[in-house]
Amino acid sequence: MKTIITAALCGAVTPKAKCPALPITPKEIAEDGIRCWKAGASILHLHMRDDEGHGTMDVNKFRETVNILRGECDAVLNLTTSGELNVSDERRMEHVIELKPELATFDCGTLNTGDGIFENSQSFLEKLAKVMIDNGVKPEVEVMDIGMMNACQWFAKKGILNAPVHYQFVLGFGLFGAPATPQNLCSMVDKLPAGSTWSAFGTGSAHLPILYTALALGGNVRVGLEDNIWYAKGVPATNEMLVSRAGRLIKEFGNDVATPDEAREMLGLKK
Ligand code: ZN
């Protein structure tokens with residue numbers, strides 16, 4: 001069996017001051033992505049940061065990063081549509097339309113994030129699904145709580161999303177997402193429609209328990225500094241360290257690490 005490793009390189013939130021290895025500029029993000037691809041990541045999940053290090057949906061930063069990566073590696077690129085709070089729907093979709101990545105995130109519901117609101121209204125999601133389908137981009141449906149699976153299945157039933165859906169189970173999204181426990185991942189996986197593909201990760205110290213659970217349940221895995229900045233207690237991580245360890249664990253478990261083209265085949269992507 002093949003297992004896909006996604007590397008989530010920087011996210012929108014973690015400050016560089018807390019994590020010196022965090023890539024911030026397009027060049028740093030692309031170089032770190034190439035290291036992760038060499039270490040076995042077949043999907044690179046990308047956010048952008050502005051010049052102050054804050055999350056941004058600036059299409060110019062996405063373009064610069066994507067152009068370097070497309071020139072130097074064959075990794076599947078998965079662009080976030082949720083890299084900046086309180087921006088217009090259009091700003092969240094501009095890079096999807098222009099750059100047409102193979103995957104982009106589709107966050108299937110709204111959650112509190114601290115005092116902010118991570119807003120994904122039904123009308124936005126319906127618009128986003130149409131933009132993705134029209135541009136040949138496969139949604140990676142991120143599920144932070146179990147109700148979001150109902151919404152996703154309703155979208156698929158109505159033909160707003162195409163089946164089979166690819167899910168990313170996000171466990172431990174702040175205070176308001178489903179807690180990152182193996183039991184919660186099991187109950188989400190139990191509710192998957194036949195033919196779905198999926199991956200999962202837990203944030204912070206739950207990254208290893210969820211990685212092991214995902215392997216045991218036959219899923220794919222995501223690692224990276226977006227989700228967790230520690231390799232072990234007191235040992236700061238780099239993206240490459242986290243990807244390399246995931247690759248070793250996959251092999252020790254008895255699976256093979258999927259290449260980018262194998263990941264494309266598993267997820268039904270057109271290169
Ligand atoms: Zn992300």
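Which protein donors hold the zinc ion, and how far from it do they lie? Select His-45, His-47 and Glu-226 to see them: the donor atoms are NE2 of His-45, NE2 of His-47 and OE of Glu-226, lying 2.1 Å from the zinc ion. Keep in mind that this is a predicted model.

**Stop 1: the zinc site**

Colour the donors along the chain. Their spacing in sequence reads H-x1-H-x178-E. His-45 sits in strand S3, residues 43-46, while Glu-226 sits in the loop between strand S13 (220-223) and S14. This pair links distant parts of the chain, 181 residues apart.

Now switch on a surface. Is His-45 buried or exposed? His-45 counts as buried because its relative accessibility is 1%, and the cut-off for buried is under 20%. Glu-226 has a relative accessible area of 22%, so it is partly exposed.

**Stop 2: the largest pocket**

Stay on Glu-226. This zinc donor is also one of the residues nearest the centre of the largest pocket. Add Val-13, Phe-173, Gly-174 and Thr-203, which are the others named as nearest that centre. The full lining runs to 41 residues. The space inside is about 840 Å³.

Next, show the strands. S7 (103-107), S8 (111-113) and S14 (230-232) are the elements that each give two or more residues to this lining. S14 gives the most, with 3 residues. Colour the lining by class and you get 16 nonpolar, 18 polar and 7 charged residues.

**Stop 3: the second largest pocket**

Select Val-137, Lys-138, Pro-139, Asn-162 and Lys-270. These lie nearest the centre of the second largest pocket, which has 18 lining residues. About 300 Å³ of space lies here.

Which elements give two or more residues to this lining? They are helix H4 (122-134) and strand S10 (138-143). S10 supplies the largest share, 3 residues. By class, the lining divides into 11 nonpolar, 4 polar and 3 charged residues.

**Stop 4: the cavity**

Go back to S13 and clip into the interior. How many cavities of 30 Å³ or more does a search of the whole structure find? The search finds 1. The volume of this largest cavity is about 60 Å³.

Select its lining: Phe-201, Gly-202, His-207, Arg-222, Val-223, Gly-224, Asp-227, Asn-228 and Leu-242. Strand S12 (197-202) and S13 are the elements that give two or more of these residues. The classes here are 3 nonpolar, 4 polar and 2 charged.

**Stop 5: the nonpolar cores**

Hide the surface and show side chains. The largest nonpolar core holds 77 residues. Select Phe-106, Tyr-167 and Phe-169, the members that touch the most others in this core. H4 gives the core its largest share, 6 residues. You met H4 already, in the lining of the second largest pocket.

Zoom in on Tyr-167 and list its contacts, leaving out residues up to four places away in sequence. Val-141, Val-143, Met-149, Cys-152 and Gln-153 are among them. So are Leu-192, Pro-193, Ser-196, Thr-197, Trp-198 and Ser-199.

Finish at another core, which lies apart from the largest one and has 8 residues. Select Ile-4, Leu-103, Ala-258 and Leu-269, which are among its members.

Terms used:
Residues numbered from 1 in each chain as written. Predicted model: local features only at pLDDT ≥ 70, side-chain atom pairs only at ≥ 80, totals over all residues. Heavy atoms only, no water. 1 Å grid on protein atoms, 1.4 Å probe; cavity = no way out; pocket = protein on both sides within 12 Å on 5 of 7 lines; lining within 4 Å. Points joined across faces, edges and corners; volume = space filled by probe spheres on them. Helix = DSSP H or I, 4+ residues; strand = E, 2+ residues; numbered from the N terminus. Nonpolar A, V, L, I, M, F, W, Y, C, P; charged D, E, K, R; others polar. Donors = N, O, S within 2.8 Å, 3.2 Å for Na, K, Ca; no water. Buried < 20%, exposed > 50% of the residue type's maximum accessible area, 1.4 Å probe, protein only. Core = buried A, V, L, I, M, F, W, Y, C linked by side-chain atoms within 4.5 Å. Contact = heavy atoms within 4.5 Å.
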